[in-house]
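Here is a short tour for anyone meeting this structure for the first time. Have a look at it, then read on.

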Amino acid sequence: MTKKLPKIELHCHLDGSVRANTIIDIAKNENITLPSFDENEIKKLVQVPEDCTSLNEYLKRFDLPNMIMQTKEGLERVAFELLEDAASENVKYIEIRFAPQLHTQGGLSFKEIIQSVINGINKAEKIYDIRGNVILSCLRHMSVEDADLTVESGKEFLNKGVVAIDLAGPEEEGFAVKFKSVIDKARGYGYKVTIHAGEAASGQNVIDAIKLLGAQRIGHGVRIKDMKEAYDLVKNNNVVLEMCPTSNIQTKAIEDFKQYPLLDFYKDDIKVTLNTDNRTVSNIDLTDEINLISDNFKFNNKDYKKIYLNSIDATFADEETKAWLRAFI
Ligand SMILES: O=c1[nH]cnc2c1ncn2[C@@H]1O[C@H](CO)[C@@H](O)[C@H]1O
Ligand SMILES: [Zn+2]
């Protein structure tokens with residue numbers, strides 16, 4: 001049932017959503033040495049363990065997929081396959097995010113990296129009934145210069161595949177100020193802004209992401225439940241939350257799933273959306289996430305429809321695509 005529902009995904013990392021057998025296949029083609037060439041072993045290495053205690057531990061799972069995302073062919077293939085996987089569960093629109101700076105080991109430029117991912121998306125759009133766009137992630141634990149190069153390199157692709165800028169990686173308290181000038185510049189160029197915040201650190205980071213960086217959407221944001229000022233700012237400014245339940249359980253952003261605040265936020269008219277974060281690392285798809293919420297909370301078809309409509313309004317897509325998405329529900 002759930003699999004057939006039309007879906008929208010606004011928060012999905014490309015490097016966290018690579019098929020295990022594709023990691024093996026590309027490694028074989030490109031003579032890359034892996035710790036194992038057995039699919040189950042690779043899955044164990046890429047998927048987060050059940051006893052994961054933090055976001056930082058979760059983030060260690062990305063090294064392996066990134067080893068095979070260093071050529072044009074590899075990048076195009078993983079982007080194509082992500083749309084193929086999403087289309088198979090009736091995702092109609094997906095915003096894919098990745099950090100270009102993680103893909104330069106084979107000598108590719110940031111522009112070549114971005115173009116390759118867009119090529120993969122375009123190829124899938126021709127075959128499947130799905131559309132996609134790219135969000136460029138800058139890494140918070142790396143330099144401002146890297147972030148600047150990401151913004152500058154993506155500029156020529158704006159509204160031709162690239163729609164927004166993001167900050168991802170480990171979350172320190174007060175990270176926003178370091179990136180203010182580069183995100184301001186990106187906004188000036190026409191990038192939309194979504195920022196990971198309030199996941200492994202406090203609601204103050206959500207306030208900073210909105211006030212200092214101009215974020216229209218927040219990745220996760222669950223910690224606003226513990227900080228009234230952050231909560232009110234999100235609510236009163238219609239800032240969209242890209243919520244990712246399984247990922248939040250795994251990284252311990254939330255201690256007890258019974259307390260997962262998605263439904264509370266939703267009932268209080270906060271603009272929530274439902275996403276996977278990382279399909280392979282978290283070992284889930286969007287169907288699983290919808291089931292997780294509807295199995296554990298009072299959440300019916302009408303609520304799902306509302307979230308789908310929230311997601312349309314929150315996409316960084318053009319008006320024509322938004323109208324196309326409205327016809328599915
Ligand atoms: O939930 C998350 N919070 C913060 N950073 C993340 C999360 N998931 C993935 N990444 C980081 O984003 C990079 C680019 O896709 C990944 O390599 C990972 O380091
Ligand atoms: Zn994320």
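## Two helices that cross

In this predicted model, the axes of α9 and α10 (residues 228-236) come within 8 Å of each other and cross at roughly 35°. The crossing of α9 past α10 is left-handed. On the α9 side, the residues making the contact are G203, Q204, V206, I207 and I210, and they meet E229, A230, L233 and V234 of α10. Sorted by class, this contact brings together six nonpolar, two polar and one charged residues.

## The annotated residue E199

Just where should you look for the annotated "active site"? The UniProt annotation of that name, which comes from an unreviewed entry, covers E199. You can find E199 in the loop between β5 (192-197) and α9 (203-211), and α9 is one of the two helices in the crossing described above.

Is E199 buried or exposed? Within 10 Å it has 24 other C-beta atoms, and 20 or more are enough for a residue to count as buried, so E199 is buried. Setting aside residues up to four places away in sequence, E199 touches L55, E171, G219, H220, V222, T251 and A253.

## Two residues with positive phi

H220, one of the residues that E199 touches, deserves a visit of its own. H220 sits in strand β6 (residues 217-220), and its phi is near 75°, a positive value in a residue other than glycine. H220 is buried because 27 other C-beta atoms lie within 10 Å.

Turn next to D277, in the loop between β8 (271-274) and α13 (286-296). Phi of D277 is also positive, near 75°, and D277 is not a glycine. With 29 other C-beta atoms within 10 Å, D277 is buried too.

## The nonpolar core

In soluble globular proteins, nonpolar side chains tend to be buried together. Here, the largest nonpolar core has 99 residues. Which residues have the most contacts inside it? They are A79 and V117.

V117 is a good place to start exploring this core. Leaving aside neighbours within four places in sequence, V117 is in contact with L14, L75, A79, I96, F98 and V134. A79, then, appears among the contacts of V117 and is itself one of the residues with the most contacts inside the core.

Note on methods: Residues numbered from 1 in each chain as written. Chains lettered and ligands numbered in written order. Predicted model: local features only at pLDDT ≥ 70, side-chain atom pairs only at ≥ 80, totals over all residues. UniProt positions renumbered as here; feature names shortened; annotations may be inferred. Helix = DSSP H or I, 4+ residues; strand = E, 2+ residues; numbered from the N terminus. Buried ≥ 20, exposed ≤ 12 C-beta atoms within 10 Å, placed from the backbone. Contact = placed C-beta atoms within 7 Å. Core = buried A, V, L, I, M, F, W, Y, C linked by C-beta atoms within 7 Å. Axes fitted to C-alpha atoms, helices over the stretch in contact; angles between N-to-C directions. Left-handed = near helix turned anticlockwise from the far one by under 90°. Nonpolar A, V, L, I, M, F, W, Y, C, P; charged D, E, K, R; others polar.
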